[in-house]
Structure formats: structure tokens, C-alpha cells
Amino acid sequence: MSRSLTFRIFRYDPQLPGDAPKMVDYQLDETPGMTVFIALNRLRAEQDPSLQFDFVCRAGICGSCAMVINGLPTLACRTLTAKYSDAVITLMPLPGFELIGDLSVNTGKFMRELAERLKLWLHPKAQQADIHHLEQPMEPEEAAKLYELERCVECGVCVSACATAQMRDTFVGAVGMMKIARFELDSRDARTADDFYHVIGTQDGVFGCMTLLGCQDNCPKDLPHMQQIAYLRRKMAGTLIASSKV
Amino acid sequence: MLTKYRIGEGWLGYPQSHRWSAIADVLQSGSGLILGLFLLAHLHFESSILLGKAAFYRVANVLEGGWFTSSGHGSSLLTQTFSVFMLLVVMVHAATALRRFPAQRRQWQALRNHNLLINHQDTRLWFWQMVTGFLMFFLVPMHLVTMITNPEIGPHLSAARVWHDNYWLVYILLLPAVVIHAMLGLYRLALKWGVNFHRDGLRLLAKILIGYLLVLGLCSLTAYLLIGSGLTTPVTPFIP
């Protein structure tokens, strides 16, 4: 016999005049292999069509369905309801992002602003910018390292899980540092180490990180944030202190 | 592109100057490491009172440089000099650690909301590290200034300070604050610079050390209180 689950969901539509934030309870019978994402879809289809939440891929690849589930920011599509023995599941929107409504937040706006601020795209070397020339082949080892850092799905969990990012709007967070590390590693990128240090060798970057490790503990893609940030900190501290620039 | 600030003839450097961000981070970690390791030694030295008055007397004499003086008692000038040095280290640590404090009400609100919404052990531990750090802005100078102005150390003189001068009030607050702050700080330091990534083991070690040092500190404070309560003023120094 299946359990009856209680979903305690944050409801608030900022677009609706007079609406106030509240928690609303929904009951749903659990089915085998049910994820929070499946449950939300059923709730919207069967009980409340006004419920707002994001999803695209349903497979932990797009990063759209991130939310706070029983106090842990994670992806709804990768969270089985069976793991909650008390049958009560509390859902909150990711903090630190613009609220669209209910569980839906605008991580896209945040990620775009971050990308523009940190210039998170490939800056090709002069000869590689010419489309009439063949691209230089990349060593498989380098490609594998890049792929490891490229796995970030920009779900926003690391930003929501980081108290530093919540307290300081200008802090780039683990996602910013991870992406900088990714482009620094890329041999096709024309930027020098100095250019990258300029971007994150500050209080808003690696030296603003307080090692609270919310990013490391909650990243749904298990990216090595702790090791990556420690590496950047050591590398930047050594280079910057030795340099004569102020 | 960042703009340089200029006042009068002197350049003040870039806002968020990169090199100084790095230096501040290294100074905070370095001063924290010195203070944390010193605390481990300090609590063991002062707890030698648990082995008897004579044991503490010998430890104090050695640390005051007794080997280098003809009387064998050493000099309290060494205590004063070392206390001044430690005060300077504390000042460097406090100045650089201030960067981490939530300075505005909005930041406190964000931290409170975060702690209510997100269940994360390391953030909670950092919160207590910060609160105990704040308390020590007041408690550590009280202890160090006393050791600079009144540096006599000995089984009777130290016990008199604890009992007759009511310094137990400072120590009963300082002990948990400094032990929690220092052990969590050392744990975070190891992860921050990548010295060791075995988090579960390190965190367990930090918690065990917190418990052990609290018991050790409380036992020795009780010993000083018991010795102090048995002393009559004016207090005569202990001679074995």
C-alpha cells in the first residue's frame, strides 16, 4: 500500500496584486520511483494548475528544477520521494535569485549577468578566430579536464547554498570560480593568467570565499568546488603576493 | 577597468586591490594558525596545575626563561614581551577577519534567513566561529592586558588573580569562546588552503579537541579557584 505524502509548498506570485507569501499543503499518493519533479507535475495536473515551477530535461542535465527540498537545495528531478521517511516534503524556491512565482526563480538572469561580468566565454587566439583555418587539435587529457569543469549545469544550487553569496551580492560564488577555472585551463583561450586574476583575485572572488562549503555539499553534479577553490586560492595568493603590482 | 584612487600626491591603489586581497587572506590565515597552535600549547601549560603546585611552578619557571637566570625563576619581562607580541598577532587577525563579518543589518538578515532555510552543518559551525570571534574582541584584550600589566605567574599568584581579583569571570567566558573559535578555525584553515581534504575526519577531530580542551580548561580553572580560595591576602608566592 502506497504512502500518502504531504507536500508543503511555498506559494507566492509577485505579479498578483495583493498576494502574500504562504505555505500550502497538498496530499498525494506516492508511486514507485516517484521524484519530487514527478510529484509536482501531478499536483499541477490534478490539483492546482496555478502552481509554478521550472523544468526542461527531467534528467538532471538542464538544472532548471533546482529548489530547496526539506532544507537542502537540489534538483527536484533527481530527488526520490522515498528518501523522506516522515512523508512530509517542504519545498521552497532557491534563495538569492529573483522570484518569478512559487518555486520558479530567474537563475537565467543571474547566470547571464555573471557571464557578462566575468566574460565567461571563449576568447579565441587571433589565428583561431579565422573560420577559414582548421582549429588546432586538443590533447585528450586537456579535453577531459575541461569536460570535468564543463559539467556545471548552472542550476544555482551553489549560490543558494552559500551564506557568503547570500550576504554579499557581488560575490561571484562557486559557479563563477568554476567557470573561470575552466577557461583558464583551455589552451584555446587568449587570456593570460593575469587577466583571470584580475577578475577573481579579489574580495568578490576567491579571497572573499569563507570556506563554508555549501557549494561542495550540495552541488547536484558533484563538482570538486572545495579542491578547485583551494587550488585557485593557493595559486593566486602566491602569484599576487610575489608580484609588484598593487 | 578599475580606476585608481588618488588623494593628494599619493596613489591609494585600486579599489579591491588584488594584491592586498591576497595579503589580507594570507595574514588572516597565518595569524589564525599561530593563535590556534599557541592555544593548544597554552592550555596544556596552564593545566599543569592539575599535576600539583610544584609542576606548575616548574613549567612557569621554564617558560619565563629560568634556565638563563642565576636565580632559576626567569623573568616576567618575557611574559610581558610575549603578551605584547600575541596582542599584535590578535590585532592582525582581528583586522583581517573583520572582512568576513556581516557589517550591515541586511547581511545579518540574509544570514539568518539562510540558516533558517538551508540545513548546512558547516555554515552553522562558521556562525558560531563568528559569534565567538566577536566575543573575543573584548575578552582577549582583557586577558592580554592583564598579562602585560600584571605578569606574575605562579601557583599562588595566578590562583589569587583568578579568585581574589575575580578573573574567573573572564576565563569562564573566554575559555569556551576561544576553544570553539580556534578549533573550528584550524579545521576551516586546512580545507581553505587544501592542506587536507578529509573533512569528516578533520571535523570530528575538531569536535573532539573542543570537548577535550573545555574539560581540561574547566578542570584547571577549578583547581585555581580551589587554591585561590585557600589563600589569605597579601598572597605570598609559592616556593617548593
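This is a short tour of one pocket, two cavities and a helix pair in a predicted model.

**Stop 1: the second largest pocket**

Start in chain A and select A:Leu94, A:Pro95, A:Gly96, A:Phe97 and A:Gln166. These five are the closest to the centre of the second largest pocket, out of 33 residues that line it. The volume of this pocket is about 770 Å³.

Now colour chain A by domain, with domain 1 as 4-104 and domain 2 as 106-242. Both domains give residues to the lining, so the second largest pocket lies between them.

Next, bring up the helices. Two or more lining residues of this pocket come from each of H2 (107-118) and H5 (163-167) in chain A, and from H4 (105-117) in chain B. Which helix gives the most to this lining? Select H4(B): with six residues, H4(B) gives the most.

If you colour the lining of the second largest pocket by class, you should find 18 nonpolar, eight polar and seven charged residues.

**Stop 2: a helix pair in chain B**

Stay with chain B and select helix H1 (residues 18-46) together with helix H3 (residues 76-97). Their axes come within 8 Å and cross at roughly 135°. That angle makes H1(B) oblique to H3(B). Turn the view until one helix lies in front of the other, and look for the left-handed crossing of H1(B) past H3(B).

**Stop 3: the largest cavity**

Time to look for enclosed space. The model has four cavities of 30 Å³ or more, and the largest cavity holds about 100 Å³ of space. To centre your view there, select A:Cys162, A:Phe171, A:Cys209, A:Cys215 and A:Ile229, the closest to its centre of the 15 residues that line it.

Then show H6 (173-185) and H8 (214-218) of chain A, each of which supplies at least two residues of this lining. H6(A) gives the most, with three residues.

How many charged residues are in the lining of the largest cavity? There are no charged residues in that lining, which divides into eleven nonpolar and four polar.

**Stop 4: the second largest cavity**

For the last stop, remain in chain A and select A:Cys152, A:Val153, A:Glu154, A:Cys155 and A:Cys158, then add A:Cys219, A:Pro220, A:Lys221, A:Leu223 and A:His225. These residues line the second largest cavity, which has a volume of about 70 Å³.

Colour this selection by class too: the lining of the second largest cavity has seven nonpolar residues, one polar and two charged.

Note on methods:
Residues numbered from 1 in each chain as written. Chains lettered and ligands numbered in written order. Predicted model: local features only at pLDDT ≥ 70, side-chain atom pairs only at ≥ 80, totals over all residues. Heavy atoms only, no water. 1 Å grid on protein atoms, 1.4 Å probe; cavity = no way out; pocket = protein on both sides within 12 Å on 5 of 7 lines; lining within 4 Å. Points joined across faces, edges and corners; volume = space filled by probe spheres on them. Helix = DSSP H or I, 4+ residues; strand = E, 2+ residues; numbered from the N terminus. Nonpolar A, V, L, I, M, F, W, Y, C, P; charged D, E, K, R; others polar. Domains from an automatic or database assignment. Axes fitted to C-alpha atoms, helices over the stretch in contact; angles between N-to-C directions. Parallel < 35°, antiparallel > 145°, perpendicular 65-115°, else oblique. Left-handed = near helix turned anticlockwise from the far one by under 90°.
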